[in-house]
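Biologist: Before we talk through this protein, could you place the structure here, where we can both look at it while I ask how each name is earned?

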Amino acid sequence: MAMELIVWDDGRTLVRDMMRGYHVFGPGGEFERTVREAGRGMGIGTRVGLRPERTGSRTVVVRDERSILRIDMSSAEVEDLVLVEAWAPRATTELPAGADFEDVLDMMGEEWGFEPELLFDPLPSGGVAFSDSSAYAIKVTDSSGRVSRILRRAIRPLPVTERMRRTERERRLERDANRQVTQLGGGGEPPLEIREMFNRFRATRRAALENMRFYPEVPVVGAVHVTWEGSLWVERSTEPGTSESGPIDVLAQDGRYVGTFPVGRLEMPDAFGPDGLAVFVETDEFDVPVITVRRLPERIR
């Protein structure tokens, strides 16, 4: 169950496998080894947004709930370190040790709209740049995780209206109803007990969506990326329900404002590479994913 893939500076690739840990491949694609995370089991799935560090070490940065972790992949078992404890807009409940299905259902009872997401990307210096609130405030850390400066712009969050609440609720209900479920382990009808658990899961999920609670503002920042040279690309959000992505601000390593790509001028790259390369994952006329690589002008790298 491969979930994410990253590439280090030397061309080695790391694949996160939700069932077995992490697989390391050499620059030529040859398998080298598997790195396991003892004691987490499928809990590894809570860690998302895998990012390679550009410091020459065999480390990655990842999000786990409202924390940013640095994970060392140089040995047979991972060693992780909490780099940043981000601001939490509300109290979260962790599953107790030995949690059962009923505990999982209890945790699914709340669903929030427009909750500020924890957005981040590693810096070449070993620190991270991250956003954890509704405001335009990009926090920059050193390699130890200490916040050294906060980059702000005087752009206020958009107040949430009743129309936005209704549209967001309907969008999530539709997405949930259209979600496809793949059965592992071959075909055939699943056991009655499994079907009943799945039906309860779907019913609890739908009830949570129908009774969604909302934050009063739409977060200003929609995405944060860092180029290999250290420039920050900050995508601003647009009004919920619109299909266009927001404008993209480019900031220099020292926080100096370089400029803004207006709406419709450029999509946020899915990944950056060396020497100004930028990767865009697009779809063709047959909805087939296509990877396009472009080189950015030197003045905005």
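Modeller: Two strands count as paired if DSSP finds at least two bridges between them. Please keep in mind that this is a predicted model. With that cut-off, an open sheet of four strands can be described, in the order β10-β11-β12-β13 and with antiparallel pairing.

Biologist: What makes β10 and β13 the edges of that sheet?

Modeller: β10 and β13, which spans residues 147-152, have a single partner strand each, so one side of each strand is left without a neighbour in the sheet. From one strand to the next, the twist averages 20°.

Biologist: How do you know that β10 and β11 pair?

Modeller: The pairing needs at least two bridges, and β10 shares four of them with β11, residues 128-131, in the antiparallel sense; therefore the two strands count as a pair. As an example of such a contact, L119 has S131 in β11 as its bridge partner.

Biologist: Why are β7 and β8 also called a pair?

Modeller: Strand β7 (residues 67-72) and strand β8 (residues 79-85) are held to the cut-off of at least two bridges, and they have six, in the antiparallel sense, so the name is justified. S67 stands opposite E85 in β8, and a hairpin of six residues joins β7 to β8.

Biologist: Why is the contact between R16 and E4 called a salt bridge?

Modeller: Side chains of opposite charge can pair when their charged atoms come close. The cut-off is a nitrogen within 4 Å of a carboxyl oxygen, and the N to O distance between the side chains of R16 and E4 is 2.9 Å, so the contact qualifies. This pair links distant parts of the chain, with R16 in strand β2 (residues 13-17) and E4 in strand β1, twelve residues apart.

Biologist: Are R16 and E4 buried or exposed, and how do you know?

Modeller: Buried means under 20% relative accessible area; R16 has 3% and E4 has 18%, so both residues count as buried.

Biologist: What makes R54 and D9 a salt bridge, and which parts of the chain do they link?

Modeller: The closest N and O atoms of R54 and D9 are 2.8 Å apart, which lies within 4 Å and therefore meets the definition. R54 sits in the loop between β5 and β6, and D9 in the loop between β1 and β2, 45 residues apart. D9 has 39% relative accessibility, and because this falls between 20% and 50% the residue counts as partly exposed.

Biologist: How do you know that R153 and D249 belong to the salt bridges too?

Modeller: Their side chains meet at 3.1 Å, N to O, which is within 4 Å, so the name applies. R153 lies in the loop between β13 and β14, and D249 in strand β19 (residues 248-251), so the pair ties together parts that are 96 residues apart in sequence. With a relative accessible area of 29%, R153 is partly exposed, whereas D249, at 0%, is buried.

Biologist: How many salt bridges does the structure hold, and which residues do shared partners join into one network?

Modeller: The structure holds 28 salt bridges. Those that share partners join E111, E168, R171, R172, D176, R202 and R205 into one network.

Conventions:
Residues numbered from 1 in each chain as written. Predicted model: local features only at pLDDT ≥ 70, side-chain atom pairs only at ≥ 80, totals over all residues. Heavy atoms only, no water. Axes fitted to C-alpha atoms, helices over the stretch in contact; angles between N-to-C directions. Buried < 20%, exposed > 50% of the residue type's maximum accessible area, 1.4 Å probe, protein only.
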